[in-house]
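I opened this entry to keep a record of what I looked up, going from single helices to the chain as a whole.

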Amino acid sequence: MFARIAGRYDLLNRMLSAGMDQRWRAAVLELAGDVRGEPVVDACCGTGDLTLVLADAGAQAVGVDFTPEMLAPTTRKRDRDASRRAVFTNGDALRLPVRTDAAAVTTVAFGIRNVADRIECMREMKRVTRPGGRVIVLEFTMPPGAVLGRLYRLYFTRILPGVGRFVSGDNDAYAYLPRTVLAWPSPEELQAEMDAPCTIHR
């Protein structure tokens with residue numbers, strides 16, 4: 001599915017989030033702290049936007065994605081600025097091609113919903129993150145409140161799939177997105193999963 005929509009993925013991200021996706025990635029960088037000269041791993045990196053945000057902040061960033069077609073734009077994006085220290089590779093987020101304790105920060109943005117086992121993905125992110133490092137998950141969830149929740153559900157189940165289908169030409173991909181968002185745990189539930197000793201903590 002991601003191979004089919006790779007060519008329109010960035011355009012649809014900007015359109016469907018009204019450009020907010022860029023602000024959300026900036027928030028990840030703020031959480032990551034000072035990454036200058038630090039090794040950082042970005043799992044499920046897609047077309048590389050978050051990896052390059054981290055690289056632009058001075059990180060030695062490695063982006064890993066399961067779908068080769070999604071990685072195709074990364075070289076072009078990286079080469080716009082010769083100072084960007086970013087490497088991209090094809091790999092599985094459940095078996096990251098990175099040695100244990102290698103990264104100061106490990107991130108995943110809008111990708112962990114798509115892995116076969118999110119707990120195993122978080123364990124793997126922990127494995128490659130050194131003691132004292134940070135594991136950061138950027139993901140959609142249903143907002144609290146009856147009014148906002150209804151509006152959000154309307155957008156995600158009715159408007160977004162139609163726009164996505166029209167722009168991408170794919171009937172399935174942007175019906176898949178709202179299904180996975182609606183099934184995603186609440187922030188409190190995800191926090192409990194991350195706090196579980198068998199998941200993130202050593």
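Before listing residues I fixed the term I would use: buried means under 20% relative accessible area. I also noted that I am working from a predicted model.

**Helix H2.** I went through helix H2, residues 9-17, and found Tyr-9, Asp-10, Leu-12, Asn-13, Leu-16 and Ser-17 to be buried. These residues lie on the same side of H2, because they cover an arc of only 165° around the axis. I then looked at what comes after the helix, and H2 is followed by Ala-18, which has a positive phi near 55°.

**H2 against H3.** Next I asked how the axes of H2 and helix H3 cross. With H3 taken as residues 20-32, the two axes come within 7 Å and cross at roughly 95°, which means that H2 is roughly perpendicular to H3. On the side of H2, the residues that meet H3 are Asn-13, Arg-14 and Ser-17, and their counterparts in H3 are Met-20, Asp-21, Gln-22, Trp-24 and Arg-25. Sorted by class, this contact has 2 nonpolar, 3 polar and 3 charged residues. I noted that Asn-13 and Ser-17 appear in this contact and are also in the list of buried residues of H2.

**Two glutamates.** I looked up Glu-124, which has its place in helix H7, residues 118-128. Is Glu-124 buried or exposed? Its relative accessible area is 8%, so I entered Glu-124 as buried. Leaving aside neighbours within four places in sequence, I found Glu-124 in contact with Ala-93, Leu-94, Arg-95 and Leu-96.

I then turned to Glu-193, which is found in helix H10, residues 187-195. Glu-193 has a relative accessible area of 19%, and since the cut-off for buried is under 20%, Glu-193 counts as buried. I also checked Glu-193 against Ala-26: the two are 167 residues apart in sequence, and their C-alpha atoms are 24 Å apart in space.

**The chain as a whole.** I counted 10 helices and 5 strands in the chain. For 202 residues, a compact globule would have a radius of gyration near 17 Å, and I entered the chain as agreeing with this because its own value is 17 Å. Along the principal axes, the C-alpha atoms fill a box of roughly 45 × 40 × 25 Å. Of the 202 residues, 48% count as buried. Finally, I looked at contacts with a separation of 6 or more, and residues 24 or more positions apart account for 68% of them.

Conventions: Residues numbered from 1 in each chain as written. Predicted model: local features only at pLDDT ≥ 70, side-chain atom pairs only at ≥ 80, totals over all residues. Heavy atoms only, no water. Buried < 20%, exposed > 50% of the residue type's maximum accessible area, 1.4 Å probe, protein only. Helix = DSSP H or I, 4+ residues; strand = E, 2+ residues; numbered from the N terminus. Arc of directions from axis to C-beta. Axes fitted to C-alpha atoms, helices over the stretch in contact; angles between N-to-C directions. Parallel < 35°, antiparallel > 145°, perpendicular 65-115°, else oblique. Contact = heavy atoms within 4.5 Å. Nonpolar A, V, L, I, M, F, W, Y, C, P; charged D, E, K, R; others polar. Rg over C-alpha atoms; globule rule 2.2 N^0.38 Å.
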